Amino acid sequence: MSASLIVDSQVTVETPEGVDFRFRTAGPGRRGIAFLVDWVVKIVILIAVGFLFGIFSVLGDVGAGLGTGLMLFALFAISWLYGGLFETIWDGQTPGKRTFRLRVVRRNGTPIGFYEAFGRNLLLVGDAFPGCYTVGVLSMLCTQRMQRLGDLVFDTMVIYEQRERVNADQKALRVAPLQRLECGNRFDLPDRTLSIIESLFDRRRGIVPTRKEELATILADTIRKRLGVEPPDPLAMNQFENTMFLRRVLRTFGTIENVSESPEVAELNEVKIDLHPDDDGPDEIVEIREEIRKE
Amino acid sequence: MKRDRFLRERQGDWKRLEALVEEVKTKPSRKLSGARVTELARIYRSICFDLSMVQSREWGDDLEMYLNDLVARGHNCLYRSPPISLHRFIVFLTDGFPRILHKRQVFFWTALALFALPFLTAMMVAIVEPAIAETVVDKSMLGSASEGYATELYDSVDDRYVGERSSMAGFYVLNNVGIAFRCFAMGVFFGIGTAKELLFNGIVLGLITGHIVQEGYSSNFFSFVITHGAFELTAIVIAGSAGLLIGFGMIHPGRRTRLDSLRDHGSDAIKLVVGAAIMLGIAAMIEAFFSPLAIPKAIKYFVGTFCWLGVILYFTLCGRGTRSHES
């Protein structure tokens, strides 16, 4: 899936508190895979239930009949109630959806109840029409929130849950922070600059490494000048020298860990709060921001 | 405020909200103390403010996403639908279900017409012209249907009865509730699918009934079906009206947007379907264990009439008064 598709799938929901927050709706691909996982789970449950009720037949005719009856009931429950029940008790998730971090919510972002869960799953029959879930997939492609018919009728959507913490980017944590001694000038960067670096490393943008290095070179030069860091020796330069440098910058100034773990750095910055009000930095940095937004 | 100072000062509340959200998830909300709920609401509101601040100052996508997620989770803790409870279920059965059927009775009568008229016509046709019935419905199917009512019923409740009837109970649930659900779900195609299912089922059942009557098994047949039919036939028509309801919501949104209209009709429709499914469950139990008993037919007709009256009275009398909240 291309990066632009993912960005397009954002849906903004306004809370009663007047704050907008965003969801990323999930498309047919991810939902399809989750659906297949659910199928496997259903088959496994059926086989297990079949064995269990098969044992009943040792009780003679009564047991065999009872076992068959329960088996048929289980078949009914799995084919019609599976999704509805799981989405009710697991708050919009089935085993497949949980595996792929999907969740069904109402269009206003609140959790679904029994009726929505049950109803949208019954309407799978309509979405499956006339075969291979054609209607459902077409409906997802045509609606802004990628809803199938069952979602449209019951006002639900399937979102992709992001559980990304600040600094979930492990690469940024593996690099060493800049040392105070490496910097000839002030040991500080404006927040806007940091957020531009972050957006460069935002995986959702899917910027290829070489292009990232190009953009990073322009940023890194400006930042080195501002911090007073010696430019690297051109002969000893790594292929992604500037990208690495920006990761170190981010590790030094842009992380919660950094702020909470090393109070000295925080204090150093505190002193400068009033001296250097937020600014967009030099023109090069503003330009890069525009570049990254275009990616 | 600078970003890092903001992070330092506000992080405590963020971590606190994460903990509270986890607590609410594992505990039912009514067991939370009032102080907890107040705290949750207060911290949630302050984090909403944090999010809008981060959004307006462009303090980084990661941070924004983190807070966005936190707000989403807090939002879901505070604004959730009421949990399922026995009380809600009882209110639904005694009030909500018949009330919605009253409200949407036009759809009920339409579905009934779509089902009963072809049924009666097909039955007449099969009685007068048996040859026509055989061209529409498979001959072996007609044969096995009438054979079923020619055989003896169970004259004692023994092992064979319990075994065979239990497996049939499972089959009736699987088959009949499945038909009702399908009949409802096909309503998403502007109601056409539902209308087709109702017509088709009406014609086939009418032909089979006519064939059985024509073969001379009518007293066996009617004494067999009268009791569970009260629940089964009514439920199929109700499921059909739910399908038509959805179709109508799509075709005729009125002054609302099509989506709003669909949501409104959909929420009533699913409740009708749930009610119909419960009725079909009852019907399956009766059909499996009561209807095939070899007891005097008079008793079956008596109980059957009683059930029909019960169903009719239930839908006419329940859910009439005023209610303060929707169930």
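Which residues of α12(A) are buried? Keep that in mind as you open this predicted model.

**Stop 1: helix α12 of chain A**

Select residues 241-253 of chain A, which form helix α12. The buried residues are A:Asn242, A:Thr243, A:Phe245, A:Leu246, A:Arg247, A:Val249, A:Leu250, A:Arg251, A:Thr252 and A:Phe253. That makes 10 of the 13 residues, so the helix is largely enclosed by the rest of the structure. Now check its length. From first C-alpha to last, α12(A) reaches 19 Å, close to the 18 Å expected at 1.5 Å a residue.

**Stop 2: A:Arg103**

Stay in chain A and pick A:Arg103, in strand β3 (residues 102-106). Is this arginine buried or exposed? A:Arg103 has 10% relative accessibility, and because the cut-off for buried is under 20%, A:Arg103 counts as buried. Follow its side chain to the backbone oxygen of A:Asp91, 2.7 Å away. Then show the surroundings. Leaving aside residues up to four places away in sequence, A:Arg103 touches A:Trp90, A:Asp91, A:Gly92, A:Gln93, A:Met157, A:Val158, A:Ile159 and A:Glu161. B:Lys25, from the other chain, is also in contact with A:Arg103.

**Stop 3: the interface of chains A and B**

Select the contact residues on both sides: 74 from chain A and 67 from chain B. Together the two chains bury about 6,300 Å², with 64% of that area on carbon and sulfur atoms. How many salt bridges are there between chain B and chain A? The count is one. Zoom to B:Arg263 and A:Asp155, which form a salt bridge with their closest N and O atoms 2.8 Å apart. Two residue pairs are in polar contact across the interface, both at pLDDT 80 or more.

Next, colour chain B by element. Its side of the interface draws two or more residues from each of α1 (3-26), α2 (34-57), α3 (61-78), α4 (86-103), α8 (159-185) and α11 (258-289). Helix α8(B) gives the largest share, 15 residues. By class, this side of chain B has 31 nonpolar, 14 polar and 22 charged residues.

**Stop 4: helix α5 of chain B**

Finish on residues 105-128 of chain B, helix α5. At 1.5 Å a residue, its 24 residues should span 34 Å, and the end C-alpha atoms are indeed 34 Å apart. Show the buried side: B:Phe107, B:Phe108, B:Ala111, B:Phe115, B:Pro118, B:Phe119, B:Ala122, B:Met123 and B:Ala126. An α-helix has 3.6 residues a turn, so residues three or four places apart point the same way. What do the buried residues of α5(B) pack against? Their partners are α4, α6 (130-136), α9 (192-215) and α10 (218-251) of chain B.

How values were computed:
Residues are numbered from 1 along each chain as its sequence is written. Chains are lettered from A and ligands numbered from 1 in the order in which they are written. This is a predicted model: local features need pLDDT of at least 70, side-chain atom pairs count only at pLDDT 80 or more; totals for chains, interfaces and linings use all residues. Side-chain values use heavy atoms; hydrogens and water are left out. Helices (H or I, at least four residues) and strands (E, at least two) are DSSP runs, numbered from the N terminus. Buried means under 20% relative accessible area, exposed over 50%, partly exposed in between (1.4 Å probe, protein chains only). A polar contact is a pair of N or O atoms within 3.5 Å; within protein, one must be able to donate a hydrogen and the other to accept it, and residues adjacent in sequence count only if both atoms are side-chain atoms. Contact means heavy atoms within 4.5 Å. Buried area is the accessible area (1.4 Å probe) that two parts lose on being put together, summed over both. A salt bridge is a side-chain nitrogen of Lys or Arg within 4 Å of a carboxyl oxygen of Asp or Glu. Ala, Val, Leu, Ile, Met, Phe, Trp, Tyr, Cys and Pro count as nonpolar, Asp, Glu, Lys and Arg as charged, and the others, Gly among them, as polar. The expected span of a helix is 1.5 Å times one less than its number of residues.
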